[in-house]
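Hi,

Here is the structure I said I would pass on. Have a look at it first, and my notes on what turned up follow below.

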Amino acid sequence: MKRVILLLSLTLCIVNVSFAQVGEHRDELAIGVNGGYMMSNVGFMPEVPQDMHTGLTGGLTLRYTSEKYFKSICAIVAELNFAQVGWKERILTPNDDPVINPITGIAEAYERNMTYLQIPVFARMGWGRERKGIQVFAQAGPQVGFFLGENTKTNFTKPNLAERTSQIVAQDSMSVERKVEYGIAAGAGIEFSINNVGHFMLEGRYYYGLGDIFGNSKRDYFGRSNLTNIVIKMTYLFDIHRSNNPKIK
């Protein structure tokens, strides 16, 4: 419940920041596409040793710029993205050697791939040029994800628990229980604008899930199973409405 309250509070703050006019007015609307590379894992408790799962993300971006307060350009940004997330297990012996499965004779491997429809909403602050030149920016806000599907990549049917450092394998046979997950995302990057052409952005972003993909009650196996990910993405936006203000550079 505390996580939901935190997420709702952050959403309300974004709305207040975006529509409370206290600086130089802007009325700029831009739309475009984004795509990037994701590195993710799941915060299991009890802990499951993992390497970074890798995947792709891409979708649509909408940005409304409302004002310039002193030197800060204030905007609200919303995205609709398809994302490939999951976890990749690190299966090792106490000597950090790969665990060999006695049936297959090869090193054991396990990876879970999950597809989500993700909707982040950000409060954005930028510093620099708006229509021609370079601008740096930072943004943060809530994100909600809707589970679309999953698949597993593995090369064994029965794990070699006698050789493993970790004995936690319950997650391997569990399907995602909670179809909606939510959390907080934050990022920073650089934007290059060309007048009458558009805006090109490169951004690094971190997401921390406040919800869990599996049940977390006392009768469930995992007390926590939240998604986290790091995203490197590029975005292209073109203006569909611009302020009639000769001061904007």
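Sorted by class, the residues lining the largest cavity come out as seven charged, four nonpolar and three polar. Keep in mind as you read that this is a predicted model. The cavity in question has a volume of about 120 Å³, and it is one of three cavities of 30 Å³ or more that a search of the whole structure turned up. Its lining is made of 14 residues, and the ones nearest the centre are Glu28, Arg63, Thr65, Glu130 and His199. Two elements, S1 and strand S3 (53-69), each give two or more residues to that lining. Which element gives the most? That would be S1, with three residues.

There is also an open site to look at. The largest pocket has a volume of about 150 Å³. If you want to find it on screen, colour Val48, Pro49, Glu89, Arg90, Ile91, Leu92, Thr93, Asp96, Arg164, Thr165, Ser166 and Ile168, which line it. By class that lining has five nonpolar, four charged and three polar residues.

Now for the overall build. The chain has one helix and nine strands, and reading along the sequence gives α-β-β-β-β-β-β-β-β-β. The chain has 249 residues, and 44% of them count as buried. On contacts, take the ones between residues at least 6 apart in sequence: 75% of these join residues at least 24 apart. About 12800 Å² of the chain is exposed, with 64% of that supplied by carbon and sulfur atoms.

Strand S9 is a good place to start on the pairing. S1 (residues 24-45) and S9 (residues 224-241) run antiparallel and are joined by 17 bridges. As a landmark for that pair, look for Phe44, which sits opposite Ser225 in S9. S9 also pairs with strand S8 (residues 198-209), again in the antiparallel sense, over ten bridges. There the landmark is Tyr206, whose bridge partner in S9 is Ile230.

Tyr206 comes up again with Ala188, a residue of strand S7. The two are 18 residues apart along the chain, and their C-alpha atoms are separated by 9.4 Å. Leaving out residues up to four places away in sequence, Ala188 touches Phe137, Ala138, Leu202, Glu203 and Gly204. Its relative accessible area is 41%, so Ala188 is classed as partly exposed.

Is His53 buried or exposed? His53 is in strand S3, and its relative accessibility is 1%, so it counts as buried. The list of what His53 touches, again without residues up to four places away in sequence, runs to Met38, Met39, Ser40, Gln84, Val85, Gly86, Trp87, Lys88, Glu111, Arg112 and Asn113.

Last, a few backbone oddities. Most residues other than glycine have a negative phi, and most peptide bonds are trans. Here are the places I would flag against that background:

- Met45 to Pro46: this peptide bond is cis, with omega near 10°. Pro46 is in the loop between S1 and strand S2 (50-51).
- Asp96: phi is near 65°, a positive value in a residue other than glycine. Asp96 is in the loop between strand S4 (72-89) and strand S5 (110-128), and at 58% relative accessibility it counts as exposed. You have met Asp96 already, among the residues lining the largest pocket.
- Asn196: phi is near 70°, also a positive value in a residue other than glycine. Asn196 is in the loop between strand S7 (180-194) and S8, and with a relative accessibility of 68% it counts as exposed.

That is what I have for now. Happy to go through any of it with you.

Cheers

Definitions and conventions: Residues are numbered from 1 along each chain as its sequence is written. This is a predicted model: local features need pLDDT of at least 70, side-chain atom pairs count only at pLDDT 80 or more; totals for chains, interfaces and linings use all residues. Side-chain values use heavy atoms; hydrogens and water are left out. Two strands pair if DSSP finds at least two bridges between them. Helices (H or I, at least four residues) and strands (E, at least two) are DSSP runs, numbered from the N terminus. On a 1 Å grid over the protein atoms alone, a cavity is a set of points where a 1.4 Å probe fits but cannot get out, and a pocket is an open set with protein on both sides within 12 Å along at least five of seven lines; lining residues have an atom within 4 Å of a point. Grid points are joined across faces, edges and corners, and a volume is the space filled by probe spheres set on the points. Ala, Val, Leu, Ile, Met, Phe, Trp, Tyr, Cys and Pro count as nonpolar, Asp, Glu, Lys and Arg as charged, and the others, Gly among them, as polar. Buried means under 20% relative accessible area, exposed over 50%, partly exposed in between (1.4 Å probe, protein chains only). Contact means heavy atoms within 4.5 Å. Accessible areas come from the Shrake-Rupley method with a 1.4 Å probe; for residues, only the protein chains shown count as cover.
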